[in-house]
Amino acid sequence: MAGFRRYATYRVATAASAFTNTVFGLLRASITVATVGAAGGTLAGYDARTVATYAWLTQALIGPVQVFQWTELAQQVRTGAVAVDLVRPMDLQAQYLATNLGRAAYMLLPRGLPPLLVGALTFGLTLPTDVWPWAAGAVSVLLAVQISFACQFLVNLAAFWLLEIRGVMILYVVTSGVLCGLYLPVHWFPPWLSTLAAATPFPSMLQTPVDLLTGRLATPSAAVGALAVQLAWAVGMLALGRLVLAVATRRLVVQGG
Amino acid sequence: MREQSRGAGGGTGPAIALDALTREFVVHRRVGRFRRRRDVVTAVAGVGFTVEPGESVGYIGANGAGKSTTIKMLTGILTPTSGTVRTCGLRPVPQRRTLARRIGVVFGQRTQLWWDLPLADSLRILAAIHRLPASVWRPRRDELVERLELGRLLEVPVRQLSLGERMRGDLAAALLHSPSLLVLDEPTIGLDVLSKERLRTFLREEQRLHHRTLLLTTHDMDDVQRLCDRLLVVDHGRLVYDGDLAGLVHRVGARRVLVVDLVERAAPLTDVPGTDLMGVEASGLRQRLAFVPGTTTAAEVLAAVSTRVEVRDLSVEEPDIEDVVRRLYLTSVR
């Protein structure tokens, strides 16, 4: 609830982000469509229309999944304000997880719809007409939000040791951006890179929900399998976050009096 | 049930019990261009005291004396290096979440309110975090809003509140769940005289009305005089005084100050027996001499001064609590 309201306060900021996501959607859709054209009309199962759909859907999910950097917890540690979070009768990870869910819920429509609308008008989108891809996609997006949060939470925990995590965060954003399929579909990766990506939680943050929403994982078994992988990453990364948090709070030094 | 366990100071045991509490920090100092030296600093060194339910205790000391570190250990934010802490009968670090339901904490230099949201939203969210039913928290909020005069501010985003308004909001946030112990780390810092006075009146009421235990750190001696029945003075991580204000004044020797206005400019009167020269004003025309009433009298001091210079006018200033504490610090350092 706190997350939803806090982000809902800044409507102009949201509008500006949605505008940016849309402009970059135009760029990315143009580039990927041109690539498919150059490859002779299809590339790794994508044709011009489905690859445009991929580009626009990933743009729509940037906000809710929070593909780019989140450093709120690190700031709290850096300034010592984390002391305030710690005197609440709620687990620190649970507090931030709840806030992030609220944020994602708020971002879904204002930052998701504009890119999709513009994409539909300019390129035309191929979206499923059945209920099932949408249902699986919705679950998948929810899991993607959790995985992204769990990973960013871990990166933020580094602040308990390093205080300043800008460098670590930049490394994370670049790596995760490439491996989650934000710039190019994971299916276009050379074999060694797709093997590497499959060993990380990153494809589960963006590629998997988009694959489900576009009906690329059409069979029920493939869909369930993809969701199971996501669930495993979500649970695993959150558990790892709790473990590191327990160590971190034991060695905590509150900055600045 | 929950209300019962919270009410009346939260049980029979002491609100706070510390024994031989110690906390060390590792500090990296820069030596030379690249090298850093690792030093161990002892912020709190074997502090022990007990606070009973319903007491109002001032925890005072100079900057860096170890006040905030102690507060963080007894609220469960910091792990002690050694020694024991019990707050409301709980071990703060392992039982931090349970403890958080029983205590309220205000950090004067930070806020627990959500910066972007109106105060009303922050209070609603806190009620949800503390899992308070509407029948409990709404009447409590209304009481706090009325007594802290927050009605006009409820719908204003916290970032737009003045410091005094925000502090009252923070107090409401810390007291919404009716904690038996309220810990305040410099609650009046940066406030104007009027805001400070309102805050003190409110805290006194809160202690008397709801039998709440207060522990506050402060540099403001008016806070001490108005709010604290008992004082704990720390210096360099050690407890150097535990008792009431009168006892403290007696212990360090309450000093009165004789202010003399002279007819002509004179050299500083540093050699008057039994006095310390506190200050020279108007290039020697006004001089301030402090003395301890037990060892000498104002008349003796005046007589001694009169043998040296001609006095035109005089007045006597009564003991100043700030001076008392300053002297306590000085004596404990030596």
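Reader: How many residues does the contact take from chain B and from chain A?
Author: The model is predicted. The contact draws on both chains, and the two counts are given with chain B ahead of chain A. They are 27 residues from chain B and 25 residues from chain A.

Reader: What area do chain B and chain A bury between them?
Author: The size of an interface is often given as the accessible area lost when the parts come together. Of the area buried here, 62% lies on carbon and sulfur atoms. The area that chain B and chain A bury is about 2400 Å².

Reader: How many residue pairs are in polar contact between chain B and chain A?
Author: For salt bridges across the interface of chain B and chain A, the rule finds zero. Polar contacts are counted for pairs with both residues at pLDDT 80 or more. Between chain B and chain A that count is four residue pairs.

Reader: Which element gives the most to the side of chain B that touches chain A?
Author: Several elements of chain B each supply at least two residues to that side, including strand E1 (16–30), helix H2 (67–74) and helix H4 (119–129). By class, the side holds eleven nonpolar, six polar and ten charged residues. With five residues, the element that gives the most is H4(B).

Reader: Is A:Arg242 buried, exposed or partly exposed, and what is its relative accessible area?
Author: A:Arg242 is found in helix H12 (residues 220–250) of chain A. Buried would need under 20% and exposed over 50%. A:Arg242 is therefore partly exposed, its relative accessible area being 41%.

Reader: Which residues is A:Arg242 in contact with, leaving aside its neighbours within four places in sequence?
Author: The C-alpha atoms of A:Arg242 and A:Gln93 are separated by 7.1 Å, although the two residues are 149 residues apart along the chain. With those neighbours left aside, the contacts of A:Arg242 are A:Asp91 and A:Gln93.

How values were computed: Residues numbered from 1 in each chain as written. Chains lettered and ligands numbered in written order. Predicted model: local features only at pLDDT ≥ 70, side-chain atom pairs only at ≥ 80, totals over all residues. Heavy atoms only, no water. Contact = heavy atoms within 4.5 Å. Buried area = accessible area lost by both parts, 1.4 Å probe. Salt bridge = Lys/Arg side-chain N within 4 Å of Asp/Glu carboxyl O. Polar contact = N/O pair within 3.5 Å; in protein donor to acceptor, adjacent residues only side chain to side chain. Helix = DSSP H or I, 4+ residues; strand = E, 2+ residues; numbered from the N terminus. Nonpolar A, V, L, I, M, F, W, Y, C, P; charged D, E, K, R; others polar. Buried < 20%, exposed > 50% of the residue type's maximum accessible area, 1.4 Å probe, protein only.
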